[in-house]
Amino acid sequence: MALLRRRRNPEGRMSLGDHLRELRRRLVIAAIAVALGSVVGWLQYDWLLTTLTEPLRVVSHQRAGSLVGINFGGVTSAFSIKLKVSMFVGVLLASPVWLYELWAFIVPGLTRREKRTAVGFICAAVPLFLGGCYLAHWALPKAVEVLLGFTPTGAVNLTNASDYLTFVIRFILAFGLAFLLPVLLVALNVAHVLPAHVMLKGWRPAVMLIFVFAAMMTPTPDAWTMIALALPMVGLYFGAYGVALLLDRRRARHEPEWTHVADDEASSL
């Protein structure tokens with residue numbers, strides 16, 4: 001960052017090249033953190049695979065031992081699946097790192113007081129992301145049960161292992177990333193891009209978009225899985241509005257009076 005500070009122009013702004021170099025640096029740091037977390041996933045792969053495929057065993061038990069499970073169809077599929085699951089765990093374990101790097105890139109050049117917000121960002125973003133992943137893990141058995149319920153009587157469900165685990169990973173990450181919505185909104189507010197009154201004014205289309213997003217991210221045809229994702233997101237949206245409102249009021253108290261005067265109006269000065 002010292003090198004980037006020296007390359008700022010006289011107005012204190014970074015050039016496009018500096019922004020790209022900053023993005024590359026933060027991506028490298030995040031990638032290293034994910035790689036280190038993937039090592040843990042690699043070592044704990046057997047337990048992770050058992051946990052992720054538990055919904056299939058539950059369905060098999062409900063069907064009185066009918067054939068339900070995953071199938072490793074190719075010679076290299078076992079290795080590629082182990083690598084995929086390990087990287088998934090790496091993303092989860094490295095979430096404090098890549099979430100911080102995301103924050104630091106979106107909101108650069110903060111004052112000393114505003115930099116303290118980064119600590120609050122991490123303290124809020126990591127539990128929200130992991131909480132969303134946990135909610136997905138809780139909803140996953142019901143989603144698998146509903147989807148496999150369309151299997152005709154007497155048929156078997158030997159699902160391709162890669163397809164099943166891709167579905168599970170996307171399902172969990174979709175919930176986790178969805179729960180980062182309030183943090184993103186607050187970050188935009190801190191960056192002076194999204195005032196609180198704009199968030200309140202647009203709450204109706206925001207709620208509609210949240211339900212559309214939840215319907216797209218939940219693969220099951222039943223409504224309860226969609227509602228399980230949409231309702232917490234709506235609550236988090238209004239929670240983000242409350243935080244943004246407090247931040248706007250605090251900034252307004254510290255701004256000089258002349259900043260609120262229109263361009264064609266004479267100030268008291």
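How far apart should the ends of helix H11, residues 203-217, lie at 1.5 Å a residue, and what is the distance between its end C-alpha atoms? I will start there, keeping in mind that we are looking at a predicted model. With 15 residues, H11 should span 21 Å, and its end C-alpha atoms are 21 Å apart, which agrees.

Staying with H11, we can ask which of its residues are buried, and the answer is Ala206, Val207, Ile210 and Ala214. Seen down the axis of H11, those buried residues fall within an arc of 100 degrees, so they line one face of the helix. The face turned away from that buried side carries Arg204, Met208, Leu209 and Met216, which are exposed.

Let me now step back to the chain as a whole. The protein chain has twelve helices and two strands, and from the N terminus on its elements run α-α-α-α-β-α-α-α-β-α-α-α-α-α. Of its 269 residues, 38% count as buried. If we take the contacts between residues at least 6 apart in sequence, 77% of them join residues at least 24 apart.

The helix I would like to spend most time on is H5, residues 77-93. H5 has 17 residues and reaches 24 Å from its first C-alpha to its last, close to the 24 Å expected at 1.5 Å a residue. Its buried residues are Ser77, Ile81, Val85, Ser86, Phe88, Val89, Gly90 and Leu92.

Two partners of H5 deserve a careful look, and I will describe each by the terms in which packed helices are usually put, namely the angle between the axes and the distance between the axes. With helix H3, residues 45-52, the axes come within 10 Å and cross at roughly 85 degrees. An angle from 65 to 115 degrees counts as roughly perpendicular, and H3 and H5 are therefore roughly perpendicular to each other. On the H3 side the contact is made by Tyr45, Leu48 and Leu52, while H5 brings Ala78, Ile81, Lys82, Val85 and Val89. By class, the residues of this contact divide into seven nonpolar, no polar and one charged.

The second partner is helix H8, residues 161-178, which packs with H5 at an angle of about 10 degrees, the axes being 10 Å apart. That makes H5 roughly parallel to H8. Here Ile81, Lys84, Val85, Phe88, Val91 and Leu92 in H5 meet Ala161, Ser162, Leu165, Thr166, Ile169, Ile172 and Leu173 in H8. The contact of H5 with H8 has ten nonpolar, two polar and one charged residues. Ile81 and Val85 of H5 are thus named both in the contact with H3 and in the contact with H8.

Within H8, I would single out Ser162. Is Ser162 buried or partly exposed? With a relative accessible area of 24%, Ser162 is partly exposed, since buried would mean under 20%. Not counting residues up to four places away in sequence, Ser162 touches Ile81 and Lys84. Its C-alpha atom is 8.5 Å from that of Asn71, although the two residues are 91 apart in sequence.

My last residue is Leu128, which lies in helix H7, residues 112-148. Leaving aside its neighbours within four places in sequence, Leu128 is in contact with Gly176, Phe179, Pro182, Val183 and Leu236. For one of these, Phe179, the C-alpha atom is separated from that of Leu128 by 5.6 Å, with their positions 51 residues apart along the chain.

Note on methods:
Residues numbered from 1 in each chain as written. Predicted model: local features only at pLDDT ≥ 70, side-chain atom pairs only at ≥ 80, totals over all residues. Heavy atoms only, no water. Helix = DSSP H or I, 4+ residues; strand = E, 2+ residues; numbered from the N terminus. Contact = heavy atoms within 4.5 Å. Axes fitted to C-alpha atoms, helices over the stretch in contact; angles between N-to-C directions. Parallel < 35°, antiparallel > 145°, perpendicular 65-115°, else oblique. Nonpolar A, V, L, I, M, F, W, Y, C, P; charged D, E, K, R; others polar. Expected span 1.5 Å × (residues − 1). Buried < 20%, exposed > 50% of the residue type's maximum accessible area, 1.4 Å probe, protein only. Arc of directions from axis to C-beta.
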